[in-house]
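Subject: Structure for you to look at

Hi,

Here's the structure I promised to pass along. Have a look at it first, and then read on for what turned up.

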Amino acid sequence: MTTLIHTPQEMIRQSQEWKRSGQQISLVPTMGALHAGHFSLIEQARRQADRVVVSIFVNPLQFGPDEDFSRYPRHEAKDTARVTAMGTDVLYLPKAEAIYPPGFATRVHIEGLGDRLCGTFRPGHFDGVLTVVLKLFLQVAPHLAIFGEKDYQQLQIIRRMVADWNIPVEIQAAPTLREGDGLAMSSRNEYLTPEERTIAPRLYVVLRETAKELAGGVAVSAALESAKVDLIAAGFTKLDYLELCDAETLEPLAELKTPARLLAAAWLGQTRLIDNVAVG
Ligand code: AMP
């Protein structure tokens with residue numbers, strides 16, 4: 001049976017009760033509009049803990065003033081039915097006022113790692129992510145939390161926060177689930193027009209081809225330049241970035257040094273897509 005919880009107080013009480021009886025808790029934080037990528041995280045959590053908590057919270061703090069907070073897809077009834085059918089123990093659905101009550105004034109701030117890549121184009125985004133993730137960690141007190149490699153920079157930033165603050169939680173990565181044509185599953189794919197949807201898979205195709213070239217010895221600047229040209233030629237309207245980075249620190253690499261990660265953010269009209277692949 002799945003218990004629906006709406007407030008931090010109830011969540012803390014439930015978690016403390018489980019802990020008193022020695023049960024292992026795993027957490028899968030999401031923003032809802034769930035797809036198979038999310039379900040794979042939930043299954044990964046289920047395999048490794050006595051109790052699984054899935055949270056759905058569209059976190060206003062991680063959206064910029066001109067971003068898509070108000071139109072972000074929300075499918076609460078469908079999500080609840082699916083998460084319940086998967087045997088999740090708790091579906092945590094807090095309201096924004098419960099997470100950020102009047103007077104809320106503190107933030108987690110990350111330097112360095114949070115200013116690059118998506119951080120350059122979405123100022124404050126990762127502070128918003130970390131603030132809510134820390135709140136979830138304090139409320140759920142999970143032994144294990146699972147995050148997708150789809151949001152690779154987010155994953156590394158969360159690992160950084162957990163190390164910096166000695167948070168007693170194991171962070172596990174989950175591989176990116178893709179549509180049949182390679183497009184990384186994302187709640188934001190719902191925004192794509194039919195024409196944009198035919199272009200979108202090219203992002204992964206170009207990333208994979210470029211990763212292969214880099215691993216084969218092609219110079220980094222030449223490989224990245226030709227990938228950018230390919231993406232624009234494919235129909236992407238704007239590139240925020242396409243960079244080769246150290247897989248852990250996300251420092252940009254002028255020469256290939258493994259383990260490395262190739263990361264990109266590209267626009268199709270009003271929709272911003274991100275994706276990444278391992279190199280080498
Ligand atoms: P979101 O609801 O988009 O905030 O994502 C919630 C969690 O699911 C994050 O840890 C994401 O990285 C992960 N996730 C999103 N899309 C995918 C995907 N296609 N494959 C695997 N994990 C994903």
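To start: how far is an oxygen atom of the ligand from an N or O atom in the side chain of Asp151? The answer is 2.6 Å. Keep in mind that this is a predicted model, so to speak a computed picture.

Asp151 has company around the ligand. On the His38 side chain, a polar atom sits 2.9 Å from a ligand oxygen. Met185 joins in through its backbone instead: one of its N or O atoms is 2.8 Å from a nitrogen atom of the ligand. On its own the ligand has 480 Å² of accessible area, and the protein covers 93% of that.

Now zoom out to the whole shell. It holds 16 residues, and Gly148 and Leu177 are among the closest, along with the three you've just met. Sorted by type, the shell has eight nonpolar residues, six polar ones and two charged ones.

Which helix gives the most to this shell? That's helix 2, with three residues. You'll find helix 2 at 36–46, and at least two shell residues each also come from strand 2 (25–30) and strand 5 (144–148).

One more place to visit is the second largest pocket, with about 270 Å³ of space. Its lining is made up of 17 residues, and nearest the centre are Ile56, Phe57, Val58, Glu76 and Pro94. By type, that lining splits into 10 nonpolar, three polar and four charged residues.

Have fun clicking through it!

Cheers

Definitions and conventions. Residues numbered from 1 in each chain as written. Predicted model: local features only at pLDDT ≥ 70, side-chain atom pairs only at ≥ 80, totals over all residues. Heavy atoms only, no water. Near = heavy atom within 4 Å. Polar contact = N/O pair within 3.5 Å; in protein donor to acceptor, adjacent residues only side chain to side chain. Areas by Shrake-Rupley, 256 points an atom, 1.4 Å probe, with all protein chains shown as cover. Helix = DSSP H or I, 4+ residues; strand = E, 2+ residues; numbered from the N terminus. Nonpolar A, V, L, I, M, F, W, Y, C, P; charged D, E, K, R; others polar. 1 Å grid on protein atoms, 1.4 Å probe; cavity = no way out; pocket = protein on both sides within 12 Å on 5 of 7 lines; lining within 4 Å. Points joined across faces, edges and corners; volume = space filled by probe spheres on them.
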